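Thanks, everyone. I have one structure to walk through today. Let me put it up.

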Amino acid sequence: MKSLIRTIIIASALAMISHAASAQVYAGGSIGGAYSASESTSSKAWAVSVNPEAGYIFNENWAVGGRLNYGKSVSKTDSKYLKETKTDINLFTINPYAVYAPIHFKNFSICAEMGLELAPKQAGVEFSTFGAYITPLLTYSINEHLVLKTELSFAQLAVSGTSNGTFGFAAAVGGDDAINFGEDLSIGFIYVF
């Protein structure tokens, strides 16, 4: 009986080690931003975000991870019809996600990222924000360790809400949700250990 238990324990340990060897840990990050201007209302807006991340690759199709997003958004409006207004927001969010990569072509992969975004109450914001999204990604593997990626957030589907009772849904190309700052471009990398 003891030898059977010992055999089961050794077999389980070997199975876990072989699974861990086939899975890989990664770290990286991205930066993103957007700029817009309107002559009719003399408004200008810009946004930038920095997003460090880490995760775990299960196989060539699935990965899970998390990122911390820090963003800044500034907008200014001045017209003969409106009093000058300026908005300056810093926002921090926690973003767990899963990535599914069904399409691989040479070094390229087309992926879908599904995740949650949680923004606690912060200075200048009287409520916490939460959301869920799905967005396409395009990745390019430079070698077995370095992968470049871009989030195509202009094609994102998202639902979001706040602790003060508002709720939103964005389903159109170019749609923005309440958490992202309307990022039109995000470029990043991951390093696979």
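Start with the strands around the largest pocket. Eight elements are on this slide, and each supplies at least two residues of the lining: E1 (24-38), E2 (43-57), E3 (62-77), E4 (85-105), E5 (108-119), E6 (129-141), E7 (146-151) and E10 (185-192). E4 gives the most, with five residues. Please keep in mind that this is a predicted model.

How much space lies in that pocket? About 590 Å³. The lining has 33 residues, and closest to the centre are Ile57, Glu60, Ser141, Val147 and Ile190. What about the classes of residue in the lining? We have 16 nonpolar, 10 polar and seven charged.

Now zoom out to the fold. The protein chain has one helix and 10 strands. The helix leads in sequence, and the strands follow: α-β-β-β-β-β-β-β-β-β-β. Take the contacts with a separation of 6 or more. Of these, 54% join residues 24 or more positions apart.

On to burial and surface. The chain has 193 residues, and 33% of them are buried. Its accessible surface comes to about 11800 Å². Carbon and sulfur atoms account for 67% of that surface.

Next, the inside. In soluble globular proteins, nonpolar side chains tend to be buried together. Here, the largest nonpolar core has 13 residues. Which of them have the most contacts inside it? Tyr26, Ile57, Tyr97, Val99, Cys111, Ile190 and Val192. E4, E6 and E10 each supply at least two residues of this core. Again E4 gives the most, here with three residues. Two names come back from the pocket: Ile57 and Ile190 are among the residues closest to the pocket centre, and both are also on the core list.

Let me pick out Val192. Set aside its neighbours within four places in sequence. What is Val192 in contact with then? Gln24, Val25 and Tyr26 are on the list, along with Ile57, Glu144 and His145. Tyr26 and Ile57 are themselves core residues.

Last residue: Tyr56, in strand E2. Is Tyr56 buried or partly exposed? The cut-off for buried is under 20% relative accessible area. Tyr56 has 25%, so this residue counts as partly exposed. Along the chain, Tyr56 and Phe193 are 137 residues apart. In space, their C-alpha atoms are separated by 10.0 Å.

That's my tour. Questions, please.

How values were computed
Residues are numbered from 1 along each chain as its sequence is written. This is a predicted model: local features need pLDDT of at least 70, side-chain atom pairs count only at pLDDT 80 or more; totals for chains, interfaces and linings use all residues. Side-chain values use heavy atoms; hydrogens and water are left out. Helices (H or I, at least four residues) and strands (E, at least two) are DSSP runs, numbered from the N terminus. Buried means under 20% relative accessible area, exposed over 50%, partly exposed in between (1.4 Å probe, protein chains only). Contact means heavy atoms within 4.5 Å. Accessible areas come from the Shrake-Rupley method with a 1.4 Å probe; for residues, only the protein chains shown count as cover. On a 1 Å grid over the protein atoms alone, a cavity is a set of points where a 1.4 Å probe fits but cannot get out, and a pocket is an open set with protein on both sides within 12 Å along at least five of seven lines; lining residues have an atom within 4 Å of a point. Grid points are joined across faces, edges and corners, and a volume is the space filled by probe spheres set on the points. Ala, Val, Leu, Ile, Met, Phe, Trp, Tyr, Cys and Pro count as nonpolar, Asp, Glu, Lys and Arg as charged, and the others, Gly among them, as polar. A nonpolar core is a set of buried Ala, Val, Leu, Ile, Met, Phe, Trp, Tyr and Cys residues joined through side-chain atoms within 4.5 Å.
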